[in-house]
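Grab a coffee and work through these short exercises on cysteines and core packing. Each task comes with a worked solution.

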Amino acid sequence: MKRLVIVLSGFVLSALLSGPIENARAGQKGMELLMSRCASCHNLHGPAPTTLAALWARKGPDMFYAGSKYRKKWLVSWLEHPVRIRPAGMFYADHVVPGPEGDVIDPSTLKPHMALSPADARLAAEALMSLRGHDDLIAKETVPPGSISKSMGALVFDKFLGCIACHRIEPDYGGLSGPELYTAGDRLRPRFMASYIRSPQAWDPKIWMPNKHVSDSRIVQLVHYLQALSKGGSHG
Amino acid sequence: MGRFPDFRTVLLSLLIGATAIPGTALASSAKDNYRTYCAQCHGLQGNGRGVNIRDMSVQPRNHTDAQYMSTRSDQDLFTADQKGGLAIDKSVLMPPWGDTLTSAEIRDMVQYLRTLCRCKNSAQ
C-alpha cells in the first residue's frame, strides 16, 4: 500500500510539473533559436542605435521589445512565409540609387528574409513575445475600441499629417522609405502603434521618422485607420 | 629609433589637415544627417527627386536650385527644418525635425543646404 501511494504521488507530481517544465524547455529552445538564427541581424538585447553609424549598420528591426510591438499570430505566420515590409530595405539610403527620373530602389541589394519551419516559427514567436521593453511607454497609451471610415482615415493620414510621404497604404501606393502600413493592423499591437506615432524617438532615437506632435485624438484615429486597412486588425 | 614620427612631420600633418578641409567635421555631420533624414524625399543628390516622391501631392524642394533657394533666408530654412513646412506656409509633407536634430545640427544643415545650392540668400 505504501509503495502504491509513493508511485501514485510521483505520477501526480510528474503530471503537475510536466506542463511548466515543457513550457520552460520550449522557451529555452526558442531563445536558443533566436540566438543562433536571428541575433546576427536583429538586436535582441537593446538599446536602439544612438548614433548614425549604428543606425546605418542595423541589418534588421530591433527585436528587444518584440513582445511589446508585434502580435503573436502575425509573427508565426510571417516567420513561415516572410514577405518584405520595408520596400527600400532596413536603411533606405543603402538600397536606393539615383536614376534619370529620380532615386529608385536597387532590388539587387535587397535580400529576402529566411523562412522558418512551422515548428520553429512557433518557437521563435513564443520567444520573441517574451522580449518586452518600454512598458512605461506602452502603459501611457489607451486605444479605445472604435472605427474610422477609410476615407476619413486617409484624409488624416495623407492630407492632415502627411504620413503618406514615407509609408505605403496599398501595395503600390505611398512612400517607400518607411515600412508598409497596409498590414500594420495585423502586425502591430495597438498601444505600440499609438506610442510609436507619439514619439518615434522614444523607441528609436535616430530613426528617420519625425515626431509630428500628433494629438491624442489623431493618434487614436490613425490606429483605427491602420486597423481598418488590414482587415484582421483587432483591439487589445 | 624611428618609432615615433618626427615633431615637424606631426606639425606639418596637422597644418595640412586643418587647411585642406576646413569645417569638415561640421559638413560631414550635416551631410550624414541629410543622407539619413532628408534624402528620402529630397533625393540622395538633393535634387528633389527622392525615392518617396511618386505619390506625393506636393513635390519636395530641389535643394540644388540656386534661383529658388536664394529667395529663402537662412531663418526660413531653419524654421522649416525644425518646425516643418506648415511653419512657413508650405506643405505638411515637409515634417518637423526638431525632435530629431539639435538646433546646432539644424544650423549646420542650413549651411549644408547652401553648399548644395551654391547660393546665399539674395536679401542677406
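**Exercise 1.** Which handedness does the link of Cys117(B) and Cys119(B) have about the S-S bond?

*Solution.* A quick note before the steps: this is a predicted model, where local features need pLDDT of at least 70, side-chain atom pairs count only at pLDDT 80 or more, and totals for chains, interfaces and linings use all residues. Residues are numbered from 1 along each chain as its sequence is written, chains are lettered from A and ligands numbered from 1 in the order written, and side-chain values use heavy atoms, without hydrogens and water.

- Step 1: check the bond. A disulfide is a pair of cysteine sulfur atoms within 2.5 Å, and the sulfurs of Cys117(B) and Cys119(B) are 2.1 Å apart.
- Step 2: read the angle. At -85° about the S-S bond, the link is left-handed.
- Step 3: count. Over all chains, the rule gives one disulfide.

**Exercise 2.** Explain why Cys166(A) has no disulfide partner.

*Solution.*

- Step 1: find the closest cysteine sulfur. For Cys166(A), that sulfur is in Cys41(B).
- Step 2: compare with the cut-off. The sulfurs are 4.7 Å apart, so they are too far for a bond.
- Step 3: check burial. Cys166(A) counts as buried (under 20% relative accessible area, with exposed over 50% and partly exposed in between, for a 1.4 Å probe and protein chains only), at 16% relative accessibility.

**Exercise 3.** Find what Leu226(A) is in contact with, beyond neighbours within four places in sequence.

*Solution.*

- Step 1: apply the contact rule, heavy atoms within 4.5 Å.
- Step 2: list the partners. Leu226(A) is in contact with Phe157(A), Leu181(A), Ala184(A), Gly185(A) and Met193(A).
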